[in-house]
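Student: Could you walk me through the ligand site of this model?
Tutor: Gladly, let us take it step by step.

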Amino acid sequence: MTVGEHRAAHALLRWYADAGVDECIDASPSDFYSWQSEPRSGEAPQIETVKRQRLAPEKADNTPLESISTDEAIRSAEKLAASCQTFEALDAAVRAFEGCPLKTGARSTVFTDGVPGSDLLVIGEAPGRDEDRLGKPFVGRAGQLLDKMLAAIDHSREHNTLISNVIYWRPPANRTPTAVETAVCKPFVDRLIEITEPKAVMIAGGAPLQALLGVTGIMRARGVWREIETSSGLRIPALPVFHPAFLLRQPASKRLAWADLQNLAKRLKER
Ligand code: URA
(Lines give C-alpha, C1' and ligand atoms only; values in the text may rest on other atoms or scores of the structure.)
Protein backbone atom coordinates (compact mmCIF):
# COMPACT_ATOMS: atom_id res chain seq x y z
CA MET A 1 0.00 0.00 0.00
CA THR A 2 1.34 3.43 -0.91
CA VAL A 3 1.38 6.31 1.55
CA GLY A 4 -1.45 7.94 -0.43
CA GLU A 5 -3.57 4.79 -0.30
CA HIS A 6 -2.89 4.44 3.40
CA ARG A 7 -4.03 8.03 4.01
CA ALA A 8 -7.17 7.52 1.92
CA ALA A 9 -8.04 4.31 3.78
CA HIS A 10 -7.44 6.07 7.09
CA ALA A 11 -9.67 8.98 6.08
CA LEU A 12 -12.42 6.55 5.00
CA LEU A 13 -12.26 4.67 8.30
CA ARG A 14 -12.38 7.94 10.24
CA TRP A 15 -15.43 8.98 8.21
CA TYR A 16 -17.14 5.69 9.08
CA ALA A 17 -16.33 6.08 12.77
CA ASP A 18 -17.66 9.68 12.78
CA ALA A 19 -20.85 8.44 11.12
CA GLY A 20 -21.41 6.01 14.01
CA VAL A 21 -20.23 2.78 12.41
CA ASP A 22 -18.70 1.03 15.39
CA GLU A 23 -18.19 -2.48 14.08
CA CYS A 24 -18.36 -4.74 11.06
CA ILE A 25 -21.28 -7.13 11.32
CA ASP A 26 -20.83 -9.32 8.32
CA ALA A 27 -18.04 -10.76 6.23
CA SER A 28 -19.72 -9.51 3.04
CA PRO A 29 -21.38 -6.11 2.56
CA SER A 30 -25.19 -5.66 2.64
CA ASP A 31 -27.03 -3.38 0.23
CA PHE A 32 -29.13 -1.38 2.70
CA TYR A 33 -30.63 0.68 -0.13
CA SER A 34 -32.43 -2.42 -1.40
CA TRP A 35 -34.56 -2.55 1.78
CA GLN A 36 -37.18 -0.16 0.56
CA SER A 37 -40.34 0.90 2.35
CA GLU A 38 -43.29 0.99 0.00
CA PRO A 39 -47.01 0.32 0.31
CA ARG A 40 -48.33 -2.41 -1.97
CA SER A 41 -50.30 -1.11 -4.93
CA GLY A 42 -54.03 -0.70 -4.27
CA GLU A 43 -53.54 -0.68 -0.50
CA ALA A 44 -53.70 2.22 1.91
CA PRO A 45 -50.15 3.01 3.04
CA GLN A 46 -49.26 1.06 6.19
CA ILE A 47 -47.36 2.62 9.11
CA GLU A 48 -44.31 1.17 7.48
CA THR A 49 -43.75 -1.63 5.07
CA VAL A 50 -40.95 -3.89 6.07
CA LYS A 51 -39.38 -5.24 2.96
CA ARG A 52 -36.92 -7.91 3.90
CA GLN A 53 -34.46 -9.58 1.65
CA ARG A 54 -33.83 -13.13 2.65
CA LEU A 55 -31.59 -15.60 1.01
CA ALA A 56 -32.71 -19.18 0.88
CA PRO A 57 -29.67 -21.36 1.49
CA GLU A 58 -29.69 -22.47 -2.12
CA LYS A 59 -30.08 -18.93 -3.49
CA ALA A 60 -27.09 -16.67 -3.83
CA ASP A 61 -28.46 -13.91 -6.04
CA ASN A 62 -30.05 -11.64 -3.42
CA THR A 63 -33.50 -12.05 -4.96
CA PRO A 64 -36.10 -10.62 -2.54
CA LEU A 65 -38.15 -13.58 -1.38
CA GLU A 66 -40.93 -11.78 0.36
CA SER A 67 -42.27 -8.50 1.51
CA ILE A 68 -44.22 -8.21 4.77
CA SER A 69 -46.04 -5.25 6.26
CA THR A 70 -45.70 -4.15 9.86
CA ASP A 71 -49.26 -5.25 10.56
CA GLU A 72 -48.51 -8.68 9.16
CA ALA A 73 -45.33 -8.89 11.21
CA ILE A 74 -47.23 -8.04 14.42
CA ARG A 75 -50.01 -10.52 13.60
CA SER A 76 -47.48 -13.21 12.84
CA ALA A 77 -45.67 -12.51 16.14
CA GLU A 78 -48.99 -12.69 18.01
CA LYS A 79 -49.92 -15.99 16.41
CA LEU A 80 -46.50 -17.50 16.95
CA ALA A 81 -46.26 -16.35 20.56
CA ALA A 82 -49.77 -17.58 21.38
CA SER A 83 -48.93 -21.02 19.97
CA CYS A 84 -46.07 -21.47 22.46
CA GLN A 85 -46.94 -23.40 25.60
CA THR A 86 -43.48 -23.69 27.13
CA PHE A 87 -40.47 -21.46 27.66
CA GLU A 88 -38.40 -23.66 25.33
CA ALA A 89 -41.00 -23.34 22.56
CA LEU A 90 -41.08 -19.56 23.00
CA ASP A 91 -37.29 -19.35 22.92
CA ALA A 92 -37.23 -21.33 19.67
CA ALA A 93 -40.06 -19.22 18.21
CA VAL A 94 -38.26 -15.92 18.92
CA ARG A 95 -35.08 -17.25 17.32
CA ALA A 96 -36.96 -18.41 14.23
CA PHE A 97 -39.00 -15.19 13.88
CA GLU A 98 -38.09 -13.11 10.83
CA GLY A 99 -40.55 -10.22 11.18
CA CYS A 100 -38.36 -7.71 13.03
CA PRO A 101 -36.21 -5.62 10.66
CA LEU A 102 -33.51 -5.29 13.33
CA LYS A 103 -32.67 -8.97 12.94
CA THR A 104 -31.01 -8.37 9.59
CA GLY A 105 -28.32 -6.16 11.09
CA ALA A 106 -27.76 -8.10 14.31
CA ARG A 107 -25.30 -10.85 15.00
CA SER A 108 -27.41 -12.66 17.61
CA THR A 109 -30.93 -13.07 18.84
CA VAL A 110 -30.76 -11.99 22.48
CA PHE A 111 -33.77 -13.40 24.30
CA THR A 112 -33.17 -14.29 27.94
CA ASP A 113 -30.58 -15.27 30.46
CA GLY A 114 -31.18 -16.83 33.86
CA VAL A 115 -33.72 -19.20 35.31
CA PRO A 116 -37.18 -19.40 33.70
CA GLY A 117 -39.91 -19.61 36.33
CA SER A 118 -37.99 -17.46 38.86
CA ASP A 119 -39.90 -15.16 41.15
CA LEU A 120 -38.20 -12.15 39.54
CA LEU A 121 -38.22 -11.18 35.86
CA VAL A 122 -36.07 -8.19 34.85
CA ILE A 123 -37.01 -6.50 31.58
CA GLY A 124 -34.65 -3.98 30.00
CA GLU A 125 -34.53 -2.15 26.70
CA ALA A 126 -32.48 -3.81 23.98
CA PRO A 127 -29.18 -5.61 23.48
CA GLY A 128 -26.06 -3.52 22.99
CA ARG A 129 -22.76 -4.47 21.44
CA ASP A 130 -21.62 -6.89 24.16
CA GLU A 131 -25.01 -8.58 24.30
CA ASP A 132 -25.08 -8.92 20.50
CA ARG A 133 -21.65 -10.54 20.58
CA LEU A 134 -22.45 -12.99 23.37
CA GLY A 135 -26.15 -13.59 22.64
CA LYS A 136 -27.21 -12.84 26.24
CA PRO A 137 -28.92 -9.81 27.78
CA PHE A 138 -27.13 -7.47 30.18
CA VAL A 139 -23.58 -8.74 29.92
CA GLY A 140 -21.78 -5.39 29.43
CA ARG A 141 -21.01 -2.75 32.06
CA ALA A 142 -24.68 -2.06 32.74
CA GLY A 143 -25.22 -5.80 33.12
CA GLN A 144 -22.42 -6.04 35.67
CA LEU A 145 -24.09 -3.31 37.70
CA LEU A 146 -27.43 -5.08 37.34
CA ASP A 147 -25.84 -8.25 38.73
CA LYS A 148 -24.64 -6.25 41.76
CA MET A 149 -28.08 -4.74 42.24
CA LEU A 150 -29.63 -8.22 42.14
CA ALA A 151 -27.02 -9.58 44.55
CA ALA A 152 -28.04 -6.86 47.02
CA ILE A 153 -31.48 -8.49 47.24
CA ASP A 154 -30.18 -12.07 47.21
CA HIS A 155 -30.96 -12.59 43.57
CA SER A 156 -28.86 -13.69 40.63
CA ARG A 157 -29.30 -14.89 37.10
CA GLU A 158 -27.65 -18.18 38.14
CA HIS A 159 -30.26 -18.99 40.77
CA ASN A 160 -33.49 -17.08 40.95
CA THR A 161 -33.86 -14.39 38.27
CA LEU A 162 -34.75 -14.32 34.59
CA ILE A 163 -33.46 -11.39 32.54
CA SER A 164 -34.81 -10.20 29.19
CA ASN A 165 -35.54 -7.09 27.12
CA VAL A 166 -38.42 -5.62 25.14
CA ILE A 167 -36.31 -5.88 21.96
CA TYR A 168 -34.36 -8.99 20.98
CA TRP A 169 -31.98 -7.66 18.34
CA ARG A 170 -29.39 -4.91 18.68
CA PRO A 171 -30.52 -1.61 17.11
CA PRO A 172 -27.82 -0.11 14.86
CA ALA A 173 -25.36 2.05 16.82
CA ASN A 174 -27.52 1.38 19.93
CA ARG A 175 -30.19 3.83 18.84
CA THR A 176 -33.52 3.86 20.68
CA PRO A 177 -35.84 1.16 19.25
CA THR A 178 -38.73 2.53 17.18
CA ALA A 179 -42.40 2.06 18.06
CA VAL A 180 -42.72 -0.43 15.20
CA GLU A 181 -39.76 -2.55 16.37
CA THR A 182 -41.19 -2.53 19.89
CA ALA A 183 -44.68 -3.49 18.69
CA VAL A 184 -43.32 -6.41 16.67
CA CYS A 185 -41.48 -7.87 19.69
CA LYS A 186 -44.25 -7.15 22.22
CA PRO A 187 -46.31 -10.35 21.73
CA PHE A 188 -43.22 -12.37 22.72
CA VAL A 189 -42.61 -10.18 25.78
CA ASP A 190 -46.22 -10.71 26.88
CA ARG A 191 -46.00 -14.45 26.33
CA LEU A 192 -42.74 -14.64 28.27
CA ILE A 193 -44.49 -13.02 31.23
CA GLU A 194 -47.46 -15.39 30.89
CA ILE A 195 -45.38 -18.55 30.59
CA THR A 196 -42.86 -17.77 33.34
CA GLU A 197 -45.41 -16.05 35.62
CA PRO A 198 -42.97 -14.23 37.91
CA LYS A 199 -44.01 -12.84 41.27
CA ALA A 200 -42.76 -9.43 40.16
CA VAL A 201 -41.27 -7.73 37.11
CA MET A 202 -38.46 -5.21 37.49
CA ILE A 203 -38.86 -2.72 34.63
CA ALA A 204 -35.36 -1.39 34.01
CA GLY A 205 -35.59 2.06 32.45
CA GLY A 206 -37.84 4.33 30.45
CA ALA A 207 -38.05 2.35 27.20
CA PRO A 208 -39.48 -0.84 28.75
CA LEU A 209 -41.72 1.34 30.94
CA GLN A 210 -43.22 2.82 27.79
CA ALA A 211 -43.35 -0.52 25.96
CA LEU A 212 -44.95 -2.49 28.81
CA LEU A 213 -47.21 0.09 30.43
CA GLY A 214 -47.50 2.92 27.92
CA VAL A 215 -46.14 5.28 30.58
CA THR A 216 -43.49 7.93 29.87
CA GLY A 217 -41.11 9.45 32.42
CA ILE A 218 -39.03 7.03 34.48
CA MET A 219 -38.04 9.85 36.88
CA ARG A 220 -41.60 10.07 38.19
CA ALA A 221 -42.61 6.45 37.61
CA ARG A 222 -39.70 4.76 39.40
CA GLY A 223 -40.38 3.21 42.75
CA VAL A 224 -44.15 3.11 42.28
CA TRP A 225 -45.77 -0.31 41.88
CA ARG A 226 -47.93 -0.90 38.83
CA GLU A 227 -49.45 -3.92 37.16
CA ILE A 228 -48.64 -5.40 33.80
CA GLU A 229 -51.70 -6.92 32.18
CA THR A 230 -50.88 -9.35 29.38
CA SER A 231 -53.11 -9.91 26.36
CA SER A 232 -54.61 -12.99 28.03
CA GLY A 233 -55.53 -10.95 31.12
CA LEU A 234 -52.78 -12.10 33.50
CA ARG A 235 -51.83 -9.34 35.94
CA ILE A 236 -48.32 -9.21 37.40
CA PRO A 237 -46.94 -6.55 39.80
CA ALA A 238 -44.21 -4.46 38.20
CA LEU A 239 -41.77 -1.98 39.67
CA PRO A 240 -40.11 0.57 37.37
CA VAL A 241 -36.52 1.33 38.40
CA PHE A 242 -33.65 3.31 36.92
CA HIS A 243 -31.75 1.53 34.16
CA PRO A 244 -28.28 0.47 35.37
CA ALA A 245 -26.70 2.34 32.43
CA PHE A 246 -28.31 5.53 33.78
CA LEU A 247 -26.91 4.76 37.23
CA LEU A 248 -23.43 4.41 35.75
CA ARG A 249 -23.79 7.93 34.37
CA GLN A 250 -25.57 9.36 37.43
CA PRO A 251 -24.14 7.56 40.48
CA ALA A 252 -25.94 10.01 42.79
CA SER A 253 -29.19 8.33 41.77
CA LYS A 254 -28.02 5.02 43.26
CA ARG A 255 -29.55 6.14 46.56
CA LEU A 256 -33.03 6.08 44.99
CA ALA A 257 -32.24 2.82 43.20
CA TRP A 258 -31.31 1.29 46.55
CA ALA A 259 -34.67 2.29 48.01
CA ASP A 260 -36.40 0.73 44.98
CA LEU A 261 -34.47 -2.50 45.45
CA GLN A 262 -35.55 -2.72 49.09
CA ASN A 263 -39.11 -2.14 47.98
CA LEU A 264 -38.77 -4.94 45.42
CA ALA A 265 -37.16 -7.31 47.92
CA LYS A 266 -40.01 -6.74 50.38
CA ARG A 267 -42.61 -7.67 47.75
CA LEU A 268 -40.66 -10.76 46.70
CA LYS A 269 -40.55 -11.95 50.31
CA GLU A 270 -44.32 -11.59 50.76
CA ARG A 271 -46.24 -14.84 50.54
N1 URA B 1 -29.25 -2.55 28.25
C2 URA B 1 -30.44 -3.16 28.17
O3 URA B 1 -31.48 -2.53 28.35
N4 URA B 1 -30.47 -4.45 27.89
C5 URA B 1 -29.38 -5.19 27.71
O6 URA B 1 -29.48 -6.38 27.46
C7 URA B 1 -28.14 -4.52 27.81
C8 URA B 1 -28.09 -3.22 28.07
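Tutor: A polar contact here is a pair of N or O atoms within 3.5 Å; within protein, one must be able to donate a hydrogen and the other to accept it, and residues adjacent in sequence count only if both atoms are side-chain atoms. This is a predicted model, where local features need pLDDT of at least 70, side-chain atom pairs count only at pLDDT 80 or more, and totals for chains, interfaces and linings use all residues. Residues are numbered from 1 along each chain as its sequence is written, and side-chain values use heavy atoms, with hydrogens and water left out.

Student: How far is an oxygen atom of the ligand from a polar backbone atom of Glu-125?
Tutor: Backbone atoms serve the ligand at several places: a ligand nitrogen is 3.1 Å from a polar backbone atom of Ala-126, and a ligand oxygen is 2.9 Å from one of Phe-138. For Glu-125, the distance from a ligand oxygen to a polar backbone atom is 2.7 Å.

Student: How much of the ligand does the protein bury?
Tutor: Areas come from the Shrake-Rupley method with a 1.4 Å probe; for residues, only the protein chains shown count as cover. Taken alone, the ligand exposes 240 Å². Of that, the protein buries 91%.

Student: Which residues surround the ligand?
Tutor: A residue counts if one of its heavy atoms lies within 4 Å of the ligand. The surrounding residues are Gly-124, Glu-125, Ala-126, Glu-131, Pro-137, Phe-138, Asn-165 and His-243.
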